[in-house]
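Let's take a walk through a small set of helices and see how they fit together. Keep the picture open while you read.

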Amino acid sequence: MQNQDKNPLHGITLQAILEKLVGYYGFDTLGELIPIKCFTSNPSIKSSLTFLRKTDWARKKVEDLYIKTIPKFPV
């Protein structure tokens with residue numbers, strides 16, 4: 001269990017990650033940083049979650065961006 005204490009993704013849902021990223025970057029910038037259709041063509045949280053839950057490589061990119069962005073989030 002100690003390893004989970006250091007994991008910044010522990011205890012946070014994909015929806016919460018996506019909402020934070022969209023709130024910080026917006027879909028336009030998010031689509032530039034991670035160029036996938038669910039961010040660039042009629043984006044929504046719901047459609048993005050559906051795609052990301054089925055597509056491991058895209059979810060990994062979103063999670064990696066979240067980890068890099070954590071220090072920039074307002075407290």
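To talk about how helices pack, we need axes: an axis here is a line fitted to C-alpha atoms, for helices over the stretch in contact, and the angle between two axes runs from 0 to 180 degrees between N-to-C directions. One more thing before we start: this is a predicted model.

**How the helices cross**

Two packed helices are described by the angle between their axes and the distance between the axes. Here are two such pairs.

| Helix pair | Angle | Axis distance |
|---|---|---|
| H4 and H5 | about 115 degrees | 5 Å |
| H2 and H5 | about 95 degrees | 10 Å |

What do we call angles like these? Anything from 65 to 115 degrees counts as roughly perpendicular. H4 and H5 are therefore roughly perpendicular to each other, and the pair H2 and H5 is roughly perpendicular too.

Now for the residues that do the touching. Between H4 and H5, the H4 side offers Phe51, Leu52 and Lys54, and these meet Asp56, Trp57, Ala58, Arg59 and Val62 in H5. Between H2 and H5, the H2 residues include Leu14, Ile17, Leu21 and Tyr24, while the H5 partners include Arg59, Val62, Glu63 and Tyr66. Notice that Arg59 and Val62 turn up in the H5 lists for both pairs.

**The nonpolar core**

Which residues have the most contacts inside the largest nonpolar core? They are Leu18, Leu21, Leu30, Ile36, Phe39, Leu52 and Val62, in a core of 20 residues. The elements giving two or more residues to this core are H2 (14-33), H3 (37-40), H4 (45-54) and H5 (56-69). H2 supplies the largest share, with 8 residues.

Val62 is a handy place to stand and look around. Setting aside neighbours within four places in sequence, Val62 is in contact with Ile17, Leu21, Ile34, Phe39 and Leu52. Several of those names should ring a bell: Leu21, Phe39 and Leu52 were on the list of residues with the most contacts in the core.

**One helix, two sides**

H4 shows nicely how a helix can have an inside and an outside. Its buried residues are Ser48, Leu49 and Leu52. Looking down the axis of H4, these fall within an arc of 100 degrees, so they line one face of the helix. What do they pack against? The buried residues of H4 pack against H2, H3 and H5. On the face turned away from that buried side, you'll find the exposed residues Lys46 and Lys54.

**Two salt bridges in H5**

How many salt bridges are there? The count comes to 2.

The first one to look at joins Arg59 and Glu63, whose closest N and O atoms are 2.9 Å apart. These two residues are 4 apart in helix H5, so about one helical turn separates them. Is each partner buried or exposed? Arg59 is partly exposed, with a relative accessible area of 29%. Glu63 has a relative accessible area of 17%, and the cut-off for buried is under 20%, so Glu63 counts as buried. Apart from residues up to four places away in sequence, Glu63 touches Leu9 and Ile17.

The other salt bridge links the side chains of Asp64 and Lys60, again at 2.9 Å from N to O. Both residues sit in H5, 4 residues apart, which is about one turn of the helix. Asp64 is partly exposed at 29% relative accessible area, and Lys60 is partly exposed at 47%.

**The loop between H3 and H4**

Last stop: the loop between H3 and H4, where you'll find Asn42 and Ser44. What is unusual to look for at Asn42 is its backbone angle: phi is near 50 degrees, a positive value in a residue other than glycine. Asn42 has 71% relative accessibility and counts as exposed.

Ser44, at 27% relative accessibility, counts as partly exposed. Which residues does Ser44 contact, leaving aside its neighbours within four places in sequence? Ser44 is in contact with Phe27 and Cys38. Ser44 and Phe27 are 17 residues apart in sequence, and their C-alpha atoms are 8.3 Å apart in space.

Methods
Residues numbered from 1 in each chain as written. Predicted model: local features only at pLDDT ≥ 70, side-chain atom pairs only at ≥ 80, totals over all residues. Heavy atoms only, no water. Core = buried A, V, L, I, M, F, W, Y, C linked by side-chain atoms within 4.5 Å. Buried < 20%, exposed > 50% of the residue type's maximum accessible area, 1.4 Å probe, protein only. Contact = heavy atoms within 4.5 Å. Arc of directions from axis to C-beta. Salt bridge = Lys/Arg side-chain N within 4 Å of Asp/Glu carboxyl O. Parallel < 35°, antiparallel > 145°, perpendicular 65-115°, else oblique.
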